[in-house]
Each structure stands twice: as C-alpha cells, then as structure tokens.
Amino acid sequence: MLIDYTWIEREGRTPACYRKDIRGTSALTSFKYFYQHLTSLRIFVVKKHLPMWSPCIYRGGRKKEHALYVSHLVYDVDDGTPLEALYSFGAYRYIAHTSWSHTPELPKWRLILPLKKRIPAEEWRFAWQTGSKLWRELVGTDVDPTCKNANRFYFVLGAPEERRLMAQS
C-alpha cells in the first residue's frame with residue numbers, strides 16, 4: 001500500500017514563515033516509511049518547530065480551495081480518552097502517537113487511519129461524518145470536530161526534553 005501526504009519541515013524557521021499559504025512537499029511512500037516518519041520521536045524546545053504533515057494533497061498553497069484529495073482519516077484525541085481506546089481499532093491498519101501536550105494525567109494523542117482510496121476534498125465532509133460515527137460506535141464518545149477540515153496539518157510525534165519519557169507511538 002502506497003501512502004501519499006504533504007510534508008512541511010519547519011526546523012529553524014522564524015515565526016513569520018508559518019503563514020497559511022506555506023507550501024509543503026507532496027510525497028508518495030510505503031506505509032512502513034510513513035509510519036517511521038511520523039512516529040520517530042523528535043525533541044524540541046518549542047512545538048512550532050516540529051515538522052508537520054497533512055493527509056491532503058494540494059494543487060498550490062495550503063488553503064482550503066487548493067485541496068485536491070485526502071488520503072487519511074485523523075482523530076485528534078485531546079479530551080483525556082485513554083490511549084487504550086485505540087485498541088478498538090484493531091481491525092484497521094493505523095498509526096497512533098501521543099501529541100505534544102500529552103501527560104499521564106491527561107492523555108492527548110492522535111490516531112491516523114490510511115484510507116483504501118483517496119477522497120476528493122469536496123466530498124471530505126461526508127467521509128469525516130462517517131469516520132465520526134465509526135469513532136462513536138467503537139469508542140463510545142464523540143470525536144473532536146476541530147479536525148474535520150480537509151486541509152488540516154498535524155504535528156509529528158514530538159515532546160520537550162522534560163516529557164521525553166511520556167511520548168509514545
């Protein structure tokens with residue numbers, strides 16, 4: 001299975017470079033490489049220096065109107081749902097990792113499900129609604145709706161030095 005996504009390497013950039021129109025690099029790679037790319041722990045002092053990725057492929061900048069299609073369903077879990085909830089998705093191929101502000105007291109993590117086929121960006125809202133229903137059926141809670149836009153970018157696995165041992169994938 002080949003995975004396509006958009007990648008932005010942000011290391012060493014100044015805050016002025018974080019505009020919404022910054023262009024990423026599209027990539028097509030194996031699931032194994034994609035998994036390693038997202039889940040290799042990066043230690044940074046500041047979250048905004050972490051590389052980012054998007055399940056969306058664009059025909060220009062990062063704006064919504066440039067989105068072509070989406071290749072992954074991504075759940076951001078910031079409500080304290082325990083990491084063990086990801087085992088509800090055992091029938092699916094997935095990638096999971098903690099997010100920057102994760103702590104044992106308040107788990108925060110991301111679940112990434114590669115899709116069998118690309119979803120055109122203009123149809124993404126229907127796919128996201130279906131994914132939201134799947135989450136509700138398997139986990140029993142509502143998914144965070146802030147990730148429903150097709151052109152969303154996500155940070156890779158990263159943590160500040162003091163939370164290095166809390167980061168998981």
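The surface is a handy place to start: this protein exposes about 9,200 Å², and carbon and sulfur atoms supply 53% of that area. Going inward, 48% of the 169 residues count as buried. Keep in mind that what you're looking at is a predicted model, so let's see how far the predictor trusts it.

On the whole, the pLDDT averages 85 for the protein, and 89% of the residues score at least 70. Element by element, helix 2, residues 124-139, comes out with the highest mean pLDDT, 95, while strand 1, residues 2-8, has the lowest, 71. Then there's the stretch at residues 12-21, where the pLDDT is below 50; in the model it has 14 contacts beyond near neighbours in sequence. Where pLDDT is low, the predicted coordinates shouldn't be read in detail.

Now for the fold. You'll find 2 helices and 10 strands here. If you walk along the sequence, the order is β-β-α-β-β-β-β-β-β-α-β-β. As for how the chain meets itself, take the contacts with a separation of 6 or more: 74% of them are between residues 24 or more positions apart.

With that layout in mind, have a look at the pockets. What lines the largest one? Its lining has 14 residues, and Leu73, Tyr92, Leu113, Pro114 and Leu115 are the ones that lie nearest the centre. Two elements give two or more residues to this lining: strand 8, which covers 109-120, and helix 2. Sorted by class, the lining has 10 nonpolar residues, 2 polar and 2 charged. The volume of this largest pocket is about 350 Å³.

The second largest pocket has a volume of about 280 Å³. Which element gives the largest share of its lining? That's helix 2, with 4 residues. The full lining is made up of Lys64, Ala67, Ala121, Glu122, Trp124, Arg125, Trp128, Gln129, Lys148, Asn149 and Ala150. By class, those residues divide into 5 nonpolar, 2 polar and 4 charged.

So helix 2 is worth following by eye as you turn the model. This helix gives two or more residues to the lining of the largest pocket, supplies the largest share of the lining of the second largest pocket, and has the highest mean pLDDT among the elements of the protein.

Technical notes
Residues are numbered from 1 along each chain as its sequence is written. This is a predicted model: local features need pLDDT of at least 70, side-chain atom pairs count only at pLDDT 80 or more; totals for chains, interfaces and linings use all residues. Side-chain values use heavy atoms; hydrogens and water are left out. pLDDT is the predictor's confidence in each residue, from 0 to 100. Contact means heavy atoms within 4.5 Å. On a 1 Å grid over the protein atoms alone, a cavity is a set of points where a 1.4 Å probe fits but cannot get out, and a pocket is an open set with protein on both sides within 12 Å along at least five of seven lines; lining residues have an atom within 4 Å of a point. Grid points are joined across faces, edges and corners, and a volume is the space filled by probe spheres set on the points. Ala, Val, Leu, Ile, Met, Phe, Trp, Tyr, Cys and Pro count as nonpolar, Asp, Glu, Lys and Arg as charged, and the others, Gly among them, as polar. Buried means under 20% relative accessible area, exposed over 50%, partly exposed in between (1.4 Å probe, protein chains only). Accessible areas come from the Shrake-Rupley method with a 1.4 Å probe; for residues, only the protein chains shown count as cover.
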